[in-house]
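Colleague: I would like to learn how to read domains and contacts in a model. Could we go through one together?

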Amino acid sequence: MSSKVSRRTFMKAGAAAVGALTCLRPLSPALGANSATPGIDYERVHGYCPFCQTRCTFTAFKKNGKAEFLVGKDGNRWTAGGMCPKGMSFLELADSPHRLTRPMLKTASGWQNISYDEAIALTVEKLQEARRRHGNEIARHLALTAPLWDCRESELAALITMRFAGCINIMPPGEVCISTASSTLNTLLGSGNSTTTVDEVENAELLVLWGANISETYPPYTRWLEKAKAKGVRIILLDCRRTRTSNFVDRQLRIAPGTDGALALGFVNQIIQDGSYDKAYVAENTNNFNALVKDASPWTLAQVAAATDLAEEDIIRFYRELMNSRRTMMWLGGSLSRYSNGMATVRAIIAMQVLCNQIMGSGKGLLTMESGKPEGEKEFVDHICGRAPAGVNFRRLRIAMDRNEIDVLFLNSSYRRYPDCDGLKETLKKVNFVIHRGFFKTEELEVAHLFVPATFTLESQGSHYGAEKQVVWRDKCQNAPGDCVPDWQFYRDIGRRLEPEKYPRFETPSELATLFSNTLPDWKGITVDRLRKSPSGLVGPIPAINGPELLGCIFRDGKFRTPDGKFDFLLKAVGPIIWTPPKGAPKDKDGDPKNFPLTFIQGKILTQWQQTITNFAASLAQFSNGRYVQVHPETASQCGVKHGETAYLVTAFGKVEARIEASEDITPGVVFTPSHFLGTSPYPATNSPPINSILPNYWDRISAQFNGLGCMLQPMKG
Amino acid sequence: MPRYRMLIDSNKCYNCGACIVGCQQRNSVPYGYRRNWVRVDADPDYGFGKGFQPGGCMQCDAPLCVEACPTQATWKGDDGVVLIDVQRCIGCGACIAACPYDARYRHPERGTVDKCDYCASSRHLGIAPACVQLCPAQVRTFGDASDPSSEVAQIAAQQTLTYVESPQSPTKPSLAFVGATTVTNWPRAAALPSPIAAMRVVATGVRYLGALSLFGVIAMFFKQILIPSDDKSGAEIHTPASGKGEKP
Amino acid sequence: MTMIRRHNQSAICMHWFNALCWLFLLGSGFALLAGEMQPIGAWWSELWVGIFGEAGLLVAHIAIGSLWAGIYALYTPLFLRRDVLPFLREIFAVSLRCDLIWCIRKAFWLVMGASGMRKIGMQTQLPAQGFYNAGQKFVAIAAIICSISLVVTGLLLAFSVMQQGLEALVRWALLLHLCCAGLMAILLPVHIYMAACAPGERPALISMLTGFVPEDFAKHHNPLWHASLVEKAGEHNRH
């Protein structure tokens, strides 16, 4: 009897065990997150990449409340459906285990979680307290640093809130790296953007990529180089480094870093001397030509060759190609703006184009990826809040912070993007109350008093703009985790408490965008409905509802957008175009060629966008191998360092460890390192102290500049 | 039945990695593992001094991976795609060693082998494979080669195609490069792990010895019916209980 | 006719459970293999896949294999004293020389009969056998060793996907799995024939259903076992 019972028992137990074991073996093909599941349809939500000005648009395929994968929009005329890995990393970042999702307040015992409402109440209290203390002087005591990583509506909401709080000190996005070109273009031509759209490269005869490493900094735009090539356009690249872009050009001039202005002034001098510039055009459309003649006169061929390290015959050939081209486009790289002489360089290049009548018309003009912001923002904020004077730039703000004059600072981006960031950290500690909006644990938490987590692109609707001045729209795809809120909500909630009556009423970015397009005449045709339907976005301005998009040259009436419609070779506020080596360069008067004989340059690489976000992506870390310096093998051996080993990159302001990448892709005497590693990255492949901790707080009139600085490579002892 | 094929114009590639990340996201490939790749080779014909060659499973017509698989987990489908049934895969890795292109890897979470299947799991959504769709340079063309009007069939008909194949282990790849490409002889010789090679010998032995055993006893069965060995003296003859073994 | 108990009910159940599992696992296992690694032929795989489906076949193989191993894992300790240890004691009671002689003579007897054996000068007498004859013992020993190997390698094969870095081990496990299954596939027809079809074995087959054999049969086939039973009965009576 007992044996029967036990037999039944073990049969049961056996069956259970078998069931359990067979279930253990993974048998489903769709294991793990983010895999497309056969036979299942997905909700499709449209969006855009928030990083570079290419502004790729995509469709997110959503299942179970989350985007599982992205597909570029084939109908996008600028990208044809392409994307780069940076943009795709958002899918992963939204789910990142490293993401901070609760507001936190710094207390004596460390960071403490607080509720979102408490965070808003505290911020409002700090702003009101500052107002009580400073009254009409409040503007001098508040500041905000952009960029906000969200959308244009977030920028608008923040600007309105800041105005109502009494704040006018808004640090623009890209202030440290790209403002020079944008500001110079704006001052000289009346528009801080490209003078035409990129599709015009197909109509050019000659395209000069002036320091523009398109394939590595704006990868999807490489297709425009290919399209131009296919049309027989000759492409010349000016860059001291061979990069992926080099594969798409006919010729590359490996010019010494920061000497582009000398090359441009040499050309100006040459065509003035031989009289081959467009005299009639210059006479009719420009002012102060004589000033330019004077500025360019020192730049003989020999002078240019000495400054740029280019062979004279290469320079002559380049100038001849420019003179022979009937339609020339110049693509200004962000690198030009990164030297203290960047303004002179950009002015000289614009002057080249103006002298040859290469600004207006098809296949002519200047391209830049550095802005694209359609006009109207300031007018909109003024319309709601009333006019206000301009604030200070970051150089002056830093001085104010050092004097303990700043009560409340909204730190939206990393302070590590500014040079001498270690010194800046100490300065920031002097601010009464710092609110940091971010995503991850970064150095900003050391200087912040309040942390309020922000959202990634998939988590809110809103619009953005790209290099073609195109406005794109995205819809909300998924909910943000925890208490993460988009910037428009955060700043709106503060603004509503400060000015409940005056703050515009909107519950979604769509309502704010509609208010915007109804307010500004040039935006009438850029409605949310129309944006939603357009895979490429809409190129502004579109003054009429259902009006056409206007592509190509922006000077449609043949006049510059200056007060008198003419181009001025002399900028009275700035002075003549005087080219000198970048500040701190080995050849500069402030340089120290004995101790720092090498020329330092830093820039974006393909897998990094800015100082924080991209370093937290495993999808991008897989392509990285930690901080490196690219240096010519000859230079490496002169410094006593070998390929693959770790050495110190040293400037007069500090040193950082880096792996030596000895390569003939860079000219001798130059050292390149990526800009954007992060000291708190969870991945060793992207973890390195910020490069700005060894760079000086040098500024031109517009922004902080440090490329071209003297540096040295030092072997590590022991 | 469509016959899927991919053609790659490697001259357009600049190794941005979009194809790799796009594929990883679409197909749940953990970052750091890859279904596809971009080779970087020194090549003075390019301004950068380097040429790029994107790749992935070559969807061979004579796939050595299929031959190496002991469990029928991988096969060449009628649609031209070499597929893996993860429910049949035991993750032994024989196919990984057998692929001259190293197009396969063992999925660290699933434990089974994974490879490019032209994004089969999302084909019903009407979207191209991730590497094709997301490539900003439109390097890859994908489609039904059996449809003469398809882009892929037209390119194949009009342009010179280059095949990348292992000299020692030819596999008849169906994926081809449009025009010339950087390096064509990089695939290695296929390897078959020794236990898997030994399985073929064992299986042959089992086949013949098993047949011998089975047909032997069947023959014996009929022999005993026809000529019984029922000779009483030959039947078991027991020895006394104390005896262990045979009495002399 | 006096009947004596040869098998317990539990042992009978386990025997037939075992038999069904072996047949299923061998059949499905071979069907799972591919190409030249499949000993039977493509038709065999198609047959099984037709019944269970591509995915179902492996699931079924693992499920039945796990069931078989699981039941044995429970049976062995529960019936250790009653069935398992006596069984092990009997099958490992090997006397190599006379057991080999038994096997050889038995084979020759089946092939040519006693008269034939005498003609070629062979002795026809078989060494006396215990509870199991030599053929049964050898098969049983092979079965036990192979079973343990099959369970260990089978579990490894089925569940190695949950662990990284086992690929090389999995390949060797697969080879061993095939070797063990192959050996048993070769021995199984002999066992079935000898137990069920060979002349004079009918009572043995019936005993695997009822548990009892006629005393005469035992006396004749398993004289040492019979003698020990008689001895025990005598002792019992004396007490």
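Modeller: Begin with two parts of one chain. This is a predicted model, and in it 30 Å separate the centres of domain 1 of chain A and domain 4 of chain A, taken over C-alpha atoms.

Colleague: How many residues does the contact take from domain 1 of chain A and from domain 4 of chain A?

Modeller: A distance between centres is one thing and a list of contacts is another. Here domain 1 of chain A gives eight residues to the contact and domain 4 of chain A gives nine residues. On the side of domain 1 of chain A that touches domain 4 of chain A, five residues are nonpolar, one is polar and two are charged.

Colleague: Where do the domains of chain A run?

Modeller: A domain may be written as more than one stretch. The assignment for chain A gives domain 1 (43-94), domain 2 (104-176 + 373-503), domain 3 (179-368) and domain 4 (598-715).

Colleague: What are the domains of chain B, and how far apart are their C-alpha centres?

Modeller: Chain B is divided into domain 1 (4-193) and domain 2 (195-234), with C-alpha centres 48 Å apart. Five residues of domain 1 of chain B are in contact with four residues of domain 2 of chain B. On that side of domain 1 of chain B, the classes are five nonpolar, no polar and no charged.

Colleague: How many residues of chain A are in contact with chain B?

Modeller: The same reading works between chains. In this model 45 residues of chain A are in contact with 36 residues of chain B. Strand 3 of chain A gives the most to the side of chain A that touches chain B, with four residues. By class, that side of chain A has 23 nonpolar, 17 polar and five charged residues.

Key:
Residues numbered from 1 in each chain as written. Chains lettered and ligands numbered in written order. Predicted model: local features only at pLDDT ≥ 70, side-chain atom pairs only at ≥ 80, totals over all residues. Contact = placed C-beta atoms within 7 Å. Helix = DSSP H or I, 4+ residues; strand = E, 2+ residues; numbered from the N terminus. Nonpolar A, V, L, I, M, F, W, Y, C, P; charged D, E, K, R; others polar. Domains from an automatic or database assignment.
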